[in-house]
Amino acid sequence: MNLERERQLIGRMGERLTVEQDLKDFYAHGEIVSRLAVLTAKELGEDETFCREIAVAGMLHDIGKLELADVIYGNSDNIMAVERSKYVRMHPTLGIDVLRKEGAYSEEVISFIANHHENFDGTGYPNHLEGDEIPYGARILRVCDVFAALVSNRAYRSAFGVDTAVEMMIDDVKDYDMHIFLAFLKVVYSKDFTAVREMIDRANAR
Ligand SMILES: [Fe+2]
């Protein structure tokens, strides 16, 4: 899947990041979510058009965070954690503006990105949507995003292994669309996952 335009958009907006590693991590997370989302969509029987849309949305799902680069990444020691988390919660909505301005993205892709932090039981953000109210692609992104975050190194913790990440997600299964979650599990334990595991290992080795 060619995501060159999306990489360029991240590159342009990523100039606001002062730490090079943050930009590398941003690319890597987007690529892992994108790949997992496409494999999950295929497992669910979705067509080429949908797979293309979910690939793009996966790559750009956190683009709104780059609008908040100063607050989210460094230069903000004087910002309280609670305030920072309030800003972080704005990133799905900010993503809408970025993509509308680009003019190259369908309303479908935009709706997936705008809702990628909504939980199936209504506990997510920004709109507390529930169940089928959440766009289908956003429900796919939710599962792939949480998994990708758990299996990645973070500044404050080491990456969890795949099995541990899956167990942790089962504990919070109310957050996910069960049909999608089961398809996702099939992907994780399929041979297609080998390439994703390599991407994860490469990102964690840096
Ligand atoms: Fe996000």
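## Around helix H11

Helix H2 (20-43), helix H9 (136-150), helix H10 (162-171) and helix H12 (193-205) are among the elements that cover the buried residues of H11. This is a predicted model, so keep that in mind as you look around. Which residues of H11 are buried? Along residues 178-188 they are Ile180, Phe181, Ala183, Phe184, Val187 and Val188. Looking down the helix axis, you'll find these buried residues within an arc of 165°, so they line one face of H11.

Flip to the face turned away from that buried side and you meet Met178, His179 and Leu182, which are exposed.

## The nonpolar core

The largest nonpolar core takes in 51 residues. Which of its members have the most contacts inside it? Those are Leu36, Ala37, Ile140, Val143 and Cys144. As for who contributes, H2, helix H3 (48-60), helix H4 (63-67), helix H5 (69-72), helix H8 (107-114), H9, H11 and H12 each put in at least two residues.

Ile140 is a handy place to zoom in. Skip its neighbours within four places in sequence, and Ile140 is in contact with Ala37, Thr40, Ala41, Ile54 and Ile180. Two of those names have come up already: Ala37 is listed with the best-connected core residues, and Ile180 belongs to the buried set of H11.

## The whole fold

Stepping back, the protein has 12 helices and 0 strands, so the pattern along the sequence is just α repeated: α-α-α-α-α-α-α-α-α-α-α-α. Its C-alpha atoms fill a box of roughly 45 × 35 × 35 Å along the principal axes.

How does the radius of gyration stack up against that of a compact globule? For 206 residues such a globule would come out near 17 Å, and the protein's 16 Å agrees with that. Of the 206 residues, 38% count as buried. Take the contacts with a separation of 6 or more, and 66% of them are between residues 24 or more positions apart.

## Oddities in the H8–H9 loop

Now for some backbone geometry. Most peptide bonds are trans, and most residues other than glycine have a negative phi. The bond joining Tyr125 and Pro126 is cis, with omega at about 10°, and Pro126 sits in the loop between H8 and H9.

His128 is found in the loop between H8 and H9 too. It isn't a glycine, yet its phi is positive, at about 55°. Is His128 buried or exposed? His128 has 12 other C-beta atoms within 10 Å, so it counts as exposed.

Note on methods
Residues numbered from 1 in each chain as written. Predicted model: local features only at pLDDT ≥ 70, side-chain atom pairs only at ≥ 80, totals over all residues. Helix = DSSP H or I, 4+ residues; strand = E, 2+ residues; numbered from the N terminus. Rg over C-alpha atoms; globule rule 2.2 N^0.38 Å. Buried ≥ 20, exposed ≤ 12 C-beta atoms within 10 Å, placed from the backbone. Contact = placed C-beta atoms within 7 Å. Arc of directions from axis to C-beta. Core = buried A, V, L, I, M, F, W, Y, C linked by C-beta atoms within 7 Å.
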